[in-house]
Amino acid sequence: MATDSWALAVDEQEAAAVDSLSHLEIKDEKPKDVKLKVEKPKDEKSKPDVNGAVKTDNNVEKSEDDEKEDKAAQSLLNKLIRSNLVNNTNQVEVLQRDPNSPLYSVKSFEELRLKPQLLQGVYSMGFNRPSKIQETALPMMLAEPPQNLIAQSQSGTGKTAAFVLAMLSRVDPACRYPQCLCLSPTYELALQTGKVIEQMGKFYPELKLEYAVRGNKLERGQKISEHIVIGTPGTVLDWCSKLKFIDPKKIKVFVLDEADVMIATQGHQDQSIRIQRMLPRDCQMLLFSATFEDSVWKFAQKMVPDPNIIKLKREEETLDTIKQYYVLCNNRDEKFQALCNIYGAITIAQAMIFCHTKKTANWLAAELSKEGHQVALLNGDMMVEQRAAVIERFRAGKEKVLVTTNVCARGIDVEQVSVVINFDLPVDKDGNPDNETYLHRIGRTGRFGKRGLAVNMVDSKHSLNILTRIQEHFNKKIEKLDTDDLDEIEKIAN
Ligand SMILES: Nc1ncnc2c1ncn2[C@@H]1O[C@H](COP(=O)(O)OP(=O)(O)OP(=O)(O)O)[C@@H](O)[C@H]1O
């Protein structure tokens, strides 16, 4: 990788996000600081929290920006802690624009007839064969004439790698202007995708990439010669319209990534639509989302005319292999005592403990540490990179207990964790049982049908009512456990 904007070594990923920005002029900020910031939309009223800490206390009513920050932070966290594909055995659902044309799917990257330098890039990333979603999405994205695509599949199933490969395949390096434009909801997510472009394009040094992100100030009147531009909607819109750094009429591929995160901010939706309207009719439009609720679908339809649609359902989680218990307590201290009794009676390899607020999580982590446990704490005040580091340590077994609020740990797979303790039961913002979160905390996918143990702490009539409703919802008995009876606790472990 010979150029300044591409000069990244694959094995120096951590330094890469900073390095890749080193050519950018960041006003009033050292480039090193920039990486840690969570991008705020331009219209946001300034908050005291300028260090990018993502405030995510569960019991605080969320503004639109908070919602978006949660989603964007979660998405970034997932990317930072993931090194492999998330496996999925579900069938891909395909809706073709032209149902009469044959549906191609590939089992190898060779079948795609990629340029050799791209195939080399793919293999150098350790990809042996296309992921489930890639099998169908890649032939569609690379077909001639180009076809539009809306694709939805869970985080970690290979969407980013797929559209990056599509963009790299379509670029003509001889034409020194932007031909592919990719929108990401935040600065950090744009950098993450940029890294994938850089890795996959490692053996294609003629291709150049530019980041259209806040802080990258180019000279007025300048035209960008890089082939691929990745950025956030506000800056990309400025570059396409007011500043005219990019000629949108020359864009051949337009990617909108993380549509579900994007739509959490009305401003971003509007900007994305305005950008889309500037593009030529024959521009290939590709939209990706990890989830597909109605709002995402409506937005997707506005953005992508005549699309093919690909969906890959999440693998179903089930409670079938989980033993569920509840413990009756009167207050927080009794809950803590019950927890200590459980730890005293059975050997727990690794456990995750969920609290409702970060205050409780902080308190509980401190108390457990005093008892001599090695405790990891995920707290809503931590920056995403710090959270990722905590999760990595926990995964590596450096700590045996992870105390967290839900917001910090949503979507983190807990395969190796056999015990989950709901120190507080999951409730939504109206105080009703949050069944989905309950399932995600303790459920196991069929394939990993390992046995697990879940203990729910109940400390009031209200929480007993929540528990009863959760039990009814899943139609699975949650047994009462007397934590003063050591023999009884021992039995549950067998
Ligand atoms: N064909 C493949 N073979 C092996 N690993 C792959 C393949 N495709 C992608 N990966 C790896 O799997 C992980 C997830 O891929 P990717 O980031 O593309 O998923 P995603 O669906 O875009 O996730 P998100 O929704 O979080 O952006 C990454 O570590 C990526 O390098």
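**Exercise 1. Is the crossing of H6 and H7 right-handed or left-handed? Work out how the two helices pack and which residues touch.**

Before we start, keep in mind that this is a predicted model.

Step 1. Settle the hand: H6 and H7 make a right-handed crossing.

Step 2. Get the geometry. Two packed helices are described by the angle between their axes and the distance between the axes. For H6 and helix H7 (residues 187-200), the angle is about 55 degrees and the axes are 10 Å apart.

Step 3. Put a word to the angle. The packing angle makes H6 oblique to H7.

Step 4. List the touching residues. On the H6 side you'll find Thr160, Ala161, Val164, Leu165 and Leu168, and H7 brings Thr193, Val196, Ile197 and Met200.

Step 5. Sort them by class. The contact of H6 with H7 has seven nonpolar residues, two polar ones and no charged ones.

**Exercise 2. Describe how H10 packs with H11.**

Step 1. Start with the axes. Those of helix H10 (residues 266-278) and helix H11 (residues 294-303) cross at roughly 20 degrees and come within 10 Å.

Step 2. Name the arrangement. Angles under 35 degrees count as roughly parallel, so H10 and H11 are roughly parallel to each other.

Step 3. Add the hand. H10 passes H11 in a right-handed crossing.

Step 4. Find the partners. H10 offers Gln269, Ser272, Ile273 and Gln276, while H11 offers Phe299, Lys302 and Met303.

Step 5. Sort by class. The contact of H10 with H11 splits into three nonpolar, three polar and one charged.

**Exercise 3. Now do the same for H12 and H18.**

Step 1. Helix H12 (residues 332-345) packs on helix H18 (residues 486-493) at an angle of about 65 degrees, and their axes lie 9 Å apart.

Step 2. That angle goes with a new label: H12 and H18 are roughly perpendicular to each other.

Step 3. The hand is right-handed as H12 passes H18.

Step 4. Look at who meets whom: Asn341, Ile342 and Ala345 in H12 meet Leu486, Ile489 and Glu490 in H18. By class, the contact of H12 with H18 comes to four nonpolar, one polar and one charged.

**Exercise 4. Which residues come nearest to the ligand, and which elements give two or more residues to the shell?**

Step 1. There are 20 residues around the ligand, and Phe127, Ser155, Gly158, Lys159 and Thr160 come nearest.

Step 2. Helix H3 (64-81) and helix H6 (159-170) are the elements that give two or more residues to the shell.

Step 3. By class, the shell around the ligand has six nonpolar, eleven polar and three charged residues. Notice that Thr160 turns up again here: the residue comes nearest to the ligand along with the others in Step 1, and Thr160 is also part of the contact of H6 with H7.

**Exercise 5. Find two backbone oddities, at Arg113 and Pro145.**

Step 1. Recall what's usual. Most residues other than glycine have a negative phi, and most peptide bonds are trans.

Step 2. Check Arg113. Its phi is positive, about 50 degrees, although Arg113 is not a glycine. You'll find Arg113 in the loop between strand S1 (92-95) and helix H4 (116-124).

Step 3. Check Pro145. A cis peptide bond joins Glu144 and Pro145, with omega about -10 degrees. Pro145 sits in the loop between helix H5 (132-142) and strand S2 (149-153).

**Exercise 6. Match the UniProt features to the model.**

Step 1. In an unreviewed entry, UniProt lists residues 107-135 as "short sequence motif: Q motif". That span is 45% helix and 0% strand, and its end C-alpha atoms lie 6 Å apart.

Step 2. UniProt also lists "domain: Helicase ATP-binding" (unreviewed entry) at residues 140-310. Here the chain is 37% helix and 18% strand, with the end C-alpha atoms 10 Å apart.

Terms used: Residues are numbered from 1 along each chain as its sequence is written. This is a predicted model: local features need pLDDT of at least 70, side-chain atom pairs count only at pLDDT 80 or more; totals for chains, interfaces and linings use all residues. A residue is near a molecule or strand if its C-beta atom, placed from the backbone, lies within 6 Å of it. Helices (H or I, at least four residues) and strands (E, at least two) are DSSP runs, numbered from the N terminus. Ala, Val, Leu, Ile, Met, Phe, Trp, Tyr, Cys and Pro count as nonpolar, Asp, Glu, Lys and Arg as charged, and the others, Gly among them, as polar. UniProt positions are given in the numbering used here, feature names are shortened, and annotations may be inferred rather than shown by experiment. Axes are lines fitted to C-alpha atoms, for helices over the stretch in contact, and angles run from 0 to 180 degrees between N-to-C directions. Angles under 35 degrees count as roughly parallel, over 145 as roughly antiparallel, 65 to 115 as roughly perpendicular and the rest as oblique. A crossing is left-handed if the near helix is turned anticlockwise from the far one by less than a right angle, and right-handed if clockwise. Two residues are in contact if their C-beta atoms, placed from the backbone, lie within 7 Å.
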